[in-house]
Amino acid sequence: METNVLLFELALTFYFIATISGIIEIFRGKKNTSKVTLYLSMAGFAFHTANIAIRYVEGGHVPVTNMHEATSFFSWCVLVLFFFHEFKYKLGLLSSFIMPIVFLLMFSASIFPREIKALSPVLQSYWFGIHVVFAFLGDASFAMACGIGIMYLIQERNVKSKHLSMLFQKLPSLQTLDEINYHLVTLGFPLLTLSMITGVIWANSAWGTYWRWDPKEVWSLITWLVYALVLHLRLTSGWRGKKAAILSIIGFAIVIFAFFGVSIILKGRHVFM
């Protein structure tokens with residue numbers, strides 16, 4: 001077995017165990033959360049990082065040029081933001097809501113062909129690397145906002161319940177979750193904007209035109225409009241709390257379709273080959 005494949009399988013295995021551990025943590029009848037899920041996810045992240053580094057060295061480019069690499073890199077970016085927020089805010093159960101997303105992305109990556117291919121001529125531009133890094137970090141921010149949104153909805157149900165469960169004590173306050181949700185959307189939106197700006201520059205250098213109404217470009221624009229609406233409603237109409245949480249979940253569903261649906265179902269030049 002090739003080294004990069006072995007590292008990927010080890011990362012996937014640790015993410016799976018971390019996901020199971022995180023789910024058990026939700027139902028564990030103790031007030032304090034353990035660090036087991038966090039340590040398991042860190043171990044998986046170490047193998048995952050080594051896998052990406054090896055593919056970068058062997059391929060000579062950022063490993064995001066096919067569905068396996070792109071999905072793997074997407075989940076890696078989610079973990080980068082997860083660790084940052086976990087150590088900054090110490091949200092305890094955050095890993096229980098993020099690791100299922102990470103594992104599903106990595107499991108999806110495992111389905112696609114894993115061979116390392118030479119970079120096609122249209123991708124041989126430094127604008128491509130800048131574009132994809134902005135795009136994946138933006139999508140990762142929206143994935144995190146989705147996880148926080150789910151935590152908010154569960155905690156709100158706990159608050160409205162007459163009998164507070166142990167889970168109520170494990171989850172952060174509604175205000176904290178709402179503030180982090182807003183922070184993540186305001187982080188993801190400019191990253192998405194920058195990815196679109198650098199994307200049209202790259203498109204012009206690759207195909208001689210800035211915009212071709214390719215399915216990927218159209219759904220990127222739809223995603224941008226959705227999150228622009230989310231921020232507009234929050235700032236002008238006071239859509240906070242539960243409404244903001246639901247919009248974050250809907251927004252990420254659109255991100256997932258734009259990522260997988262457009263690349264697999266819809267046809268166009270702007271897909272992962």
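Buried means under 20% relative accessible area, exposed over 50%, and partly exposed in between. The legends below apply these classes to a predicted model.

**View 1. Phe16 and Phe103 form a tilted aromatic pair between two helices.** Phe103 is buried because its relative accessibility is 16%. Phe16, at 42%, counts as partly exposed. The ring centres lie 5.3 Å apart and the planes meet at 50 degrees, so the pair is classed as tilted. Phe16 belongs to helix α1 and Phe103 to helix α4, with their positions 87 residues apart in the chain. By the ring-centre rule, the structure has 19 aromatic pairs.

**View 2. Phe142 and Tyr227 form a stacked aromatic pair.** Their centres are 3.7 Å apart, with 10 degrees between the planes. Phe142 is in helix α5 and Tyr227 in helix α8 (residues 215-236), so the pair ties together parts that are 85 residues apart in sequence. Both residues are buried: Phe142 has a relative accessible area of 0%, and Tyr227 has 1% relative accessibility.

**View 3. An aromatic cluster includes Trp76.** The other members of this one cluster are Phe45, Phe73, Phe74, Phe82, Phe83, Phe87, Phe136, Phe259 and Phe260.

**View 4. A nonpolar patch lies on the surface.** Phe16, Ile17, Ile20, Ile23, Ile24 and Phe27 make up the patch, which covers about 590 Å². Phe16 is placed in helix α1, which spans residues 3-27.

**View 5. Glu9 and Arg114 are joined by a salt bridge.** The closest N and O atoms of the pair are 2.7 Å apart. Glu9 sits in helix α1, while Arg114 is in the loop between α4 (94-111) and α5 (126-160), so the bridge ties together parts 105 residues apart in sequence. Glu9 is partly exposed, at 26% relative accessible area, and Arg114 is also partly exposed, at 21%. The structure holds 6 salt bridges.

**View 6. Glu25 pairs with Arg28 in a salt bridge.** The N to O distance is 3.2 Å. Glu25 is buried, with 5% relative accessible area, whereas Arg28 is partly exposed, with 24%.

**View 7. Glu156 and Lys160 form a salt bridge within helix α5.** The two side chains meet at 3.9 Å, N to O. They are 4 residues apart, about one turn of the helix. Glu156 is buried at 13% relative accessible area, but Lys160 counts as exposed at 63%.

**View 8. The charged end of Lys243 sits over the ring of Trp239.** The distance from this charged end to the ring centre is 4.8 Å.

Note on methods. Residues are numbered from 1 along each chain as its sequence is written. This is a predicted model: local features need pLDDT of at least 70, side-chain atom pairs count only at pLDDT 80 or more; totals for chains, interfaces and linings use all residues. Side-chain values use heavy atoms; hydrogens and water are left out. Patches are made of residues with over 30% relative accessible area and no salt bridge: like charges are joined within 9 Å, nonpolar side chains (Val, Leu, Ile, Met, Phe, Trp, Tyr) within 5 Å. Accessible areas come from the Shrake-Rupley method with a 1.4 Å probe; for residues, only the protein chains shown count as cover. A salt bridge is a side-chain nitrogen of Lys or Arg within 4 Å of a carboxyl oxygen of Asp or Glu. Buried means under 20% relative accessible area, exposed over 50%, partly exposed in between (1.4 Å probe, protein chains only). Rings of Phe, Tyr and Trp (its six-membered ring) pair if their centres lie within 6.5 Å; planes under 30 degrees apart count as stacked, over 60 as edge-to-face and the rest as tilted. A charge sits over a ring if NZ of Lys or CZ of Arg is within 6 Å of the ring centre and within 35 degrees of the ring normal.
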